[in-house]
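Here are my notes on the model you sent, set out point by point. Please read them with the structure open.

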Amino acid sequence: MSAQESNTVATTEQQQEVAELATQVEDIVLGPDGNPLSKKALKKLEKEREKEQRRLEREAREAAERAAREASEVDCAKENYGKAPINMSQVQSGTKWTEIKDLSAELAGQTVHVQARVQGSRPTGNKMCFLVLREGSATAQGLLVVDNETISKQMVKFANSESLVSLVAKVVVPSEPVKSCTVGDVELHVSRLFVISEVSVTLPFSIDSASRSELEREQDPTLNHVLLFTRLNNRVVDLRTTANNAIFKLQAAVSQLFREYLTNEKFTEIHTPKIISAASEGGANVFRVDYFKRNAYLAQSPQLFKQMCIAADFGKVYEIAPVFRAENSQTHRHLTEYVGLDLECAFREHYHEVMNMIGDMFIYIFNNLEKRWAVELATVRKQYPSEPIQVGAKPLKLEFKDAVALLRKHGENIGDFDDFTTKTEKKLGRIVREEYGTDFYMVDKFPLSVRPFYTMPDPENPQYSNSYDFFLRGEEIMSGAQRIHDAGMLKERISACGVPIDDLAEYIKAFEYGCPPHAGGGVGLERVVMFYLGLEDIRYSSLFPRDPTRLEP
């Protein structure tokens, strides 16, 4: 045998030895301490494995037998439930549909047609199942009971959570009110149930988990808690909760009431560009975009265009539109895109004509929310408890210097011309509530140095200005002022503030043509909703929030 052949044989023998050793190692079972188990422990482990295997085989056998029994049972209800064909607008049946929110004891004994989501199901044995049916911010209890005629065991087990269903049911007054649903005086005894759209994936969290209040979690720490980050990453599912549905009904209500009040005051609604050639507020907090090989910017506000409309003799204007702020602020109340409620109004003699009108507008909004959207407010406050705001017939008015004096009186170190911080705003809010019994107030005559270039200086003390902010629960919801309407004064202020005057040529031209004295302001819609409802973060009141770290969904 050659040396080469000897080496090959040796290598083969070594490989066989390694393989045998590996097999032996694989057969070694290690205990929790990392050491091989003793023979006694191995024998015990083997018995446990055999026992578990027998259990699995028994369960599989029982499941197969159960399935066989159910398959052999005649399904008396197969015409009364199932998956409906995809709705491609094939027919119009003329069916009269009843909304969950409209169910009441007045309908007792009647048969209704309802479309809703199955928020949850609770079987009681194999012959009865309670359903929570949800439509928008309203919920009602449904009941399926096997009768071996029209409702079968198979039908009772059919509906899955969050599936959208169409059902026929009899309205019945229960022996006791249903406390777990918004509709408590009746329940639906279901006779037909068809799935319109089913959930085809695992939900990121249950609607029940996302609907729990902080108090419920404190009482039972074992309950699942859905974090805000998780909610926002799965916003479509999160928005299905009754509280969220109500929050955005209330957000729509604020816009509606803003529009309603100003329309009654003879304002004209306008729609201004959001792609502009220069920063509307000055400064660096602006998003730059590529606009056909030149720079453009997303509007920080409709400010310049509102004023140009006043110069065009529109008299009174308002707009509801998106606002973009490139502020890298990771706070509870800042967004990079929000909905602005803006207004501008010419006045006859004094900017307080406009300021006081704005105060009355907010009172109108707050009072009507409580009167006309009481159901939605109750739904939100069930999950996010808060006291209704305290507000009088007219808003409290403080001058900036008086607000500074109040803060100093209560130990705050603040300069005469220092702008409010979030901390001092909140502290002032607590002081005002304690001393004046209100959550809503205005602060007038801010220092000129902390306001934009178009703000009119105070004629008696040019270190202050004819500007104002409105506050709710100790945080700012609106900023406004009298604007400079004289072209010469405007140019001086633009230069003094270091804003490039050439970028504002078209804006300045509007005042060179002559412009009435005017004032106005801008409201953050999400902030109003957040503070009014006492929510802890503005992202709860923003449908699909945008902040420095979030661009999706």
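The points below go from confidence to the sheet, the cores, the charged pairs, the cysteines and two single residues.

1. Confidence. This is a predicted model. The mean pLDDT of the chain is 90, and 91% of the residues reach 70 or more. Among the elements of the chain, strand β7 (residues 268-269) has the highest mean pLDDT, 98, and helix α1 (residues 3-27) has the lowest, 56. Where pLDDT is low, the predicted coordinates should not be read in detail.

2. The eight-stranded sheet. The strands run in the order β7-β11-β12-β17-β16-β15-β14-β13 and form an open sheet with mixed pairing. The edges are β7 and β13 (396-399); each has a single partner strand, so one side of each is left without a neighbour in the sheet. Inside the sheet, β11 and β12 pair in the antiparallel sense, over nine bridges. Phe324 has Glu337, in β12, as its bridge partner.

3. The largest nonpolar core. This core has 57 residues, and those touching the most other members are Leu343, Ile358, Phe362, Phe366 and Phe470. Helix α8 (residues 242-264) supplies the largest share of the core, eleven residues. As a general matter, nonpolar side chains in soluble globular proteins tend to be buried together. To look at one member in detail, take Phe366: leaving out residues up to four places away in sequence, Phe366 touches Ile389, Phe440, Leu472, Ile477, Val528 and Tyr532.

4. A second core. Separate from the core with Phe366 among its members, there is a second one of 30 residues. Its members include Ala77, Tyr81, Leu107 and Ala116.

5. Salt bridges overall. How many salt bridges does a search of the whole structure find? The count is 34. Lys306, Asp342, Glu344 and Arg483 are linked in a network of salt bridges. The next two points take up individual pairs.

6. A pair that spans the sequence. Arg333 and Glu475 form a salt bridge, with their closest N and O atoms 3.1 Å apart. Arg333 lies in the loop between β11 (316-324) and β12 (337-346), whereas Glu475 is in strand β16 (residues 475-482), so the pair ties together parts that are 142 residues apart in sequence. Are the two residues buried or exposed? Both Arg333 and Glu475 are buried.

7. Two further pairs. Arg539 and Asp537 meet through their side chains in a salt bridge at 2.8 Å, N to O. Arg539 is buried, as is Asp537. Lys101 and Glu99 also form a salt bridge, at 3.7 Å from N to O. In that pair, Lys101 is exposed, with a relative accessible area of 54%, and Glu99 counts as partly exposed at 36%.

8. Cysteines. The model has zero disulfides. Cys309 is in no disulfide, and the nearest cysteine sulfur to it, that of Cys515, is 10 Å away. A disulfide here requires the two sulfur atoms to be within 2.5 Å, so this pair does not qualify. Cys515 is likewise in no disulfide, its nearest cysteine sulfur being that of Cys309. Cys309 counts as buried at 15% relative accessibility, and Cys515 is buried with a relative accessible area of 11%.

9. Ser163. Where is Ser163 found? Ser163 sits in the loop between α3 (153-156) and β5 (164-172). Ser163 is buried, because its relative accessibility is 2%, and the cut-off for buried is under 20%. With neighbours within four places in sequence set aside, Ser163 is in contact with Ala116, Arg117, Val118, Val195, Ser197, Glu198 and Val199. One of these contacts, Ala116, is also a member of the second core.

10. Leu143. Strand β4 (residues 138-145) contains Leu143, which counts as buried at 10% relative accessibility. Apart from neighbours within four places in sequence, Leu143 is in contact with Met128, Cys129, Phe130, Glu187, Leu188, His189 and Val190. Leu143 and Ile270 are 127 residues apart along the chain, and their C-alpha atoms are separated by 51 Å.

Key:
Residues are numbered from 1 along each chain as its sequence is written. This is a predicted model: local features need pLDDT of at least 70, side-chain atom pairs count only at pLDDT 80 or more; totals for chains, interfaces and linings use all residues. Side-chain values use heavy atoms; hydrogens and water are left out. Buried means under 20% relative accessible area, exposed over 50%, partly exposed in between (1.4 Å probe, protein chains only). A nonpolar core is a set of buried Ala, Val, Leu, Ile, Met, Phe, Trp, Tyr and Cys residues joined through side-chain atoms within 4.5 Å. Helices (H or I, at least four residues) and strands (E, at least two) are DSSP runs, numbered from the N terminus. Contact means heavy atoms within 4.5 Å. A salt bridge is a side-chain nitrogen of Lys or Arg within 4 Å of a carboxyl oxygen of Asp or Glu. pLDDT is the predictor's confidence in each residue, from 0 to 100. Two strands pair if DSSP finds at least two bridges between them.
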